[in-house]
Amino acid sequence: MQIEIKENHFILLTQRAIFWQETQTLLIGDLHLGKITHFRKEGIAVPPNAIENNFERLNELVQNTGATRIIFLGDLFHAQYNAEWELFKNWRTAHHYIEMLIVIGNHDILPVSMFLECNLEVHLNDYEEGNFIFTHHPKVDAVSEKFIFAGHVHPVFTTYGKGRQSVRLPCFVIDNHQAIVPSFGVFTGGFQMDLAKDRKIYITTETKVFSVC
C-alpha cells in the first residue's frame, strides 16, 4: 500500500514498517527486543519462535526493499541488558552496510554507549530531515509545517464480521500532521484506535495492507 505525504512516497508494509522510497529508508517502531527474554525469566509463557520472528521479518524487509538506511522510532530494546542484545549486535554486524539511527524511546534504558558501539546514530530527541520529523512519542498537535512519524502507541484496530466475530489487527494511523506506525515487535500488545475526522487507518495482516476508512 503506497501513500503520498508532502510529495514523497511511502509504502506501508505487511511487516509493520514503512519504506520511504525517495531516501531508501525503512521506518521501524517499537521492536522491544529483550522483552521476550525478560518475560521468560519471569515465568511468563511466550511462543518459542517469537525472538526469531523479529529477526526474520527484519531480514525480509532489508532483502525485499533494498533499504540503505533504517530509522528506529524508539523502544528498540525493552529493558536491561539480556542475551537478545547480543543477537541484535550480530544482526547489526551482518548488515554493517546499512546506515541506522535511533530516536531514543522511553524503554531504551541501555547506556547510549551500547547503541553507539553498534554503529547506531543516536538522537535523544526528535530527528528532523526535510519536511519530516521522526520521534518516539506522538504529538497531540502539529508543532510546525513538518509531518511527523511516531511510534510508542502500538496502534491496533478492531474489525467486526457478521454476527459477533471480531479481530484486532495492527494498523498504521495517518492523521493530517502525523503517522503512527504499528509496533514491529511480536508479543507487545496494542492500543485500540478509533476512526476520527481526517484520519485514515490501514490495517495490516501477514499478507496485505488495506484501508478501513
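How many bridges join β2 to strand β3, and in which sense do the two run? Four bridges link β2 to β3 (residues 17-20), and the two strands are antiparallel. Welcome to a short tour of a predicted model, in which local features need pLDDT of at least 70, side-chain atom pairs count only at pLDDT 80 or more, and totals for chains, interfaces and linings use all residues. Residues are numbered from 1 along each chain as its sequence is written, and side-chain values use heavy atoms, with hydrogens and water left out.

**Strands and hairpins**

- Helices (H or I, at least four residues) and strands (E, at least two) are DSSP runs numbered from the N terminus, and two strands pair if DSSP finds at least two bridges between them.
- Strand β1 (residues 2-5) pairs with strand β2 (residues 8-13) in the antiparallel sense over four bridges, and here Glu4 stands opposite His9 of β2.
- These two strands, β1 and β2, make a hairpin with two residues between them, and Lys6 in the turn has a positive phi of about 50°.
- β2 and β3 form a hairpin too, with three residues between them and a positive phi of about 70° at Arg16 in the turn.
- Between β2 and β3, Leu13 has Ala17 as its bridge partner.

**The seven-stranded sheet**

- An open sheet of seven strands follows the order β1-β2-β3-β4-β5-β6-β7, with mixed pairing.
- Its edge strands are β1 and β7 (121-123), each pairing on one side only.
- Neighbouring strands are turned by 25° against each other on average, direction ignored (axes are lines fitted to C-alpha atoms, for helices over the stretch in contact, and angles run from 0 to 180 degrees between N-to-C directions).
- Strand β5 (residues 69-72) and strand β6 (residues 99-103) pair in the parallel sense over four bridges, with Leu101 of β6 as the bridge partner of Ile71.

**Nonpolar cores**

- A nonpolar core is a set of buried Ala, Val, Leu, Ile, Met, Phe, Trp, Tyr and Cys residues joined through side-chain atoms within 4.5 Å; buried means under 20% relative accessible area, exposed over 50%, and partly exposed in between (1.4 Å probe, protein chains only).
- The largest such core has 31 residues, of which Ile28, Ile70, Phe72, Leu76, Phe88, Phe115 and Leu120 touch the most other members.
- Two or more residues come from each of β3, β4 (25-28), α2 (50-65), β5, α3 (83-94), β6 and α4 (112-117), and α2 gives the most, with five.
- Leu120 touches Phe72, Leu76, Phe88, Arg92, Met100, Ile102 and Phe115, not counting residues up to four places away in sequence (contact means heavy atoms within 4.5 Å).
- Apart from the largest core lies another, of 22 residues, among them Ile3, Ile18, Phe132 and Val181.

**Aromatic rings**

- Rings of Phe, Tyr and Trp (its six-membered ring) pair if their centres lie within 6.5 Å; planes under 30 degrees apart count as stacked, over 60 as edge-to-face and the rest as tilted.
- By this rule the model has 14 aromatic pairs.
- Phe147 and Phe149 have ring centres 5.3 Å apart and planes at 65°, so this pair is edge-to-face; both residues are buried.
- Phe10, Trp20, Tyr127, Phe132, Phe134, Phe147 and Phe149 form one aromatic cluster.

**Positive phi in two loops**

- Most residues other than glycine have a negative phi.
- Asn119, in the loop between α4 and β7, has a positive phi near 60°.
- Asp198 also has a positive phi near 60° and lies in the loop between β14 (191-192) and β15 (200-204).
- Asp198 counts as partly exposed because its relative accessibility is 46%.
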